[in-house]
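Trainee: I am new to this structure. Could we go through it by question and answer?

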Amino acid sequence: MLTAQDAIGLLEQMIATPSVSRSEDKVADLVFAFLHDRNIDVHRHYNNVWAMCRHYDQSKKTLLLNSHLDTVKPSSAYTLDPFQPLSKGDRLYGLGSNDAGASAVSLLTVFCNYYDIELPFNLLLLLGAEEEVMGEHGMREMIPFFQQHGINIDFALVGEPTGLDAAVGERGLVVLDAVAHGQQGHAARDEGVNAIYKALADIECIKNYRFEKVSPLLGDIRMTVTMIDAGTQHNVIPDTCHFVVDIRTTDAYTNEEVVDLLKASLESEVTPRSTRIRASAISEEHPLVQAAVRLGRKTYVSPTTSDMALMPFASLKLGVGQSCRSHSADEYVLKSEIIEGVDFYNKYIKILSEIL
């Protein structure tokens, strides 16, 4: 039986093992060995470490317990060594301690404790790579990997710092690169077609655009023009004007539908950088949410994105630590939060078993 102290000890080792996105190999080695030494039938695909409960039954639904092993690069504002775990009272400092090491080790601990116990559902543990960059060898790789190996995931509990409250939704993201086309000419002779003016007309359209459908949970889609670039010199009418649109999408439309609607409304040429970061929304009546509510946790819409954006199944973000500490200098988590997190996840699995 693993304890919260085991989880804290593992987290200290993880902090001391640099694991910036796409360079998680050493921390994956560490976590793999930790599970293997505890007689868990553990597997690895790229730098993703995963394990299925001992009594896997294909006729049962499968709950994915997911968090990530990678971190962002340390901020230049750090005053402490980001790779040196440091305890000061209840605080444990170190890069990745809060986002999302605390959730990762708490979920791992609870998975180990339920590994040999038959439940009404299967438990699948995935501590993934490249979450901070949504890279090609992280969740984007693992979902089809599981499908190819006959493992169907029905729902997921995503360990991110939420203060153990239940994030029932998060917005998606589409970044559009837009180009307004004009015709070059001499400014003194008022020649040509000014691409800046054409871009401004489209920017005004974006500012005032309202999508017909509104998400009951996430509200309106939000669009903001965040960058603009045009011109080569003061006396030349520019023939192109580039601008960038940041779009925070909802579950009312697919990302592809949003792009198509804007293409039909704008004169500028628009190209999405990606449409894979999708909005997530789960009903408050879903068992995943109800289990959290029974444990006294509140629900809310998360302002940040996570691997939930890549999941084609119901998912709930709920984890240890506070989102405001993520990606900050001198990142820390409270050891008492990990103790509470392990206890919470243990109770959560028990209550979810009763609901299902």
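**Salt bridges and a helix pair**

Mentor: Start with one pair in this predicted model. K198 and E267 form a salt bridge, their closest N and O atoms lying 3.0 Å apart.

Trainee: How many residues apart in sequence are K198 and E267?

Mentor: Place each partner. K198 is in helix α5 (residues 195–208). E267 is in the loop between α6 (255–265) and β14. The pair links distant parts of the chain, and the separation is 69 residues.

Trainee: Is E267 buried or exposed?

Mentor: Exposed means over 50% relative accessible area. E267 has 58% relative accessibility, so E267 counts as exposed.

Trainee: And which class does K198 fall in?

Mentor: Buried means under 20% and exposed over 50%. K198 has a relative accessible area of 25%, so K198 is partly exposed.

Trainee: Which residues are joined into one network by salt bridges that share partners?

Mentor: Look for shared partners. Salt bridges of that kind make one network of D165, R297 and E340.

Trainee: How many salt bridges does a search of the whole structure find?

Mentor: K198 with E267 is one salt bridge. R273 with D177 is another, at 2.9 Å from N to O. The search of the whole structure gives 13.

Trainee: D116 forms a salt bridge with R54. Which parts does the pair tie together, and how far apart are they in sequence?

Mentor: The closest N and O atoms of D116 and R54 are 2.3 Å apart. D116 lies in the loop between α3 and β6 (121–128). R54 lies in the loop between β2 (48–52) and β3 (61–68). So the pair ties together parts whose separation in sequence is 62 residues.

Trainee: What is the relative accessible area of R54?

Mentor: Take its partner D116 as well: D116 is partly exposed at 45%. R54 is also partly exposed, and its relative accessible area is 46%.

Trainee: Now the helices. Why is α1 called oblique to α3?

Mentor: Helix α1 (residues 4–15) and helix α3 (residues 97–114) pack at about 140 degrees, with axes 9 Å apart. Roughly perpendicular covers 65 to 115 degrees, and roughly antiparallel means over 145. The angle fits neither class, so α1 to α3 is oblique.

Trainee: How many charged residues are in the contact of α1 with α3?

Mentor: From α1 come A7, L10, L11, M14 and I15. From α3 come S97, G101, A102, V105, L108 and T109. By class, eight are nonpolar and three polar; the number of charged residues is none.

Methods. Residues are numbered from 1 along each chain as its sequence is written. This is a predicted model: local features need pLDDT of at least 70, side-chain atom pairs count only at pLDDT 80 or more; totals for chains, interfaces and linings use all residues. Side-chain values use heavy atoms; hydrogens and water are left out. Axes are lines fitted to C-alpha atoms, for helices over the stretch in contact, and angles run from 0 to 180 degrees between N-to-C directions. Helices (H or I, at least four residues) and strands (E, at least two) are DSSP runs, numbered from the N terminus. Angles under 35 degrees count as roughly parallel, over 145 as roughly antiparallel, 65 to 115 as roughly perpendicular and the rest as oblique. Contact means heavy atoms within 4.5 Å. Ala, Val, Leu, Ile, Met, Phe, Trp, Tyr, Cys and Pro count as nonpolar, Asp, Glu, Lys and Arg as charged, and the others, Gly among them, as polar. A salt bridge is a side-chain nitrogen of Lys or Arg within 4 Å of a carboxyl oxygen of Asp or Glu. Buried means under 20% relative accessible area, exposed over 50%, partly exposed in between (1.4 Å probe, protein chains only).
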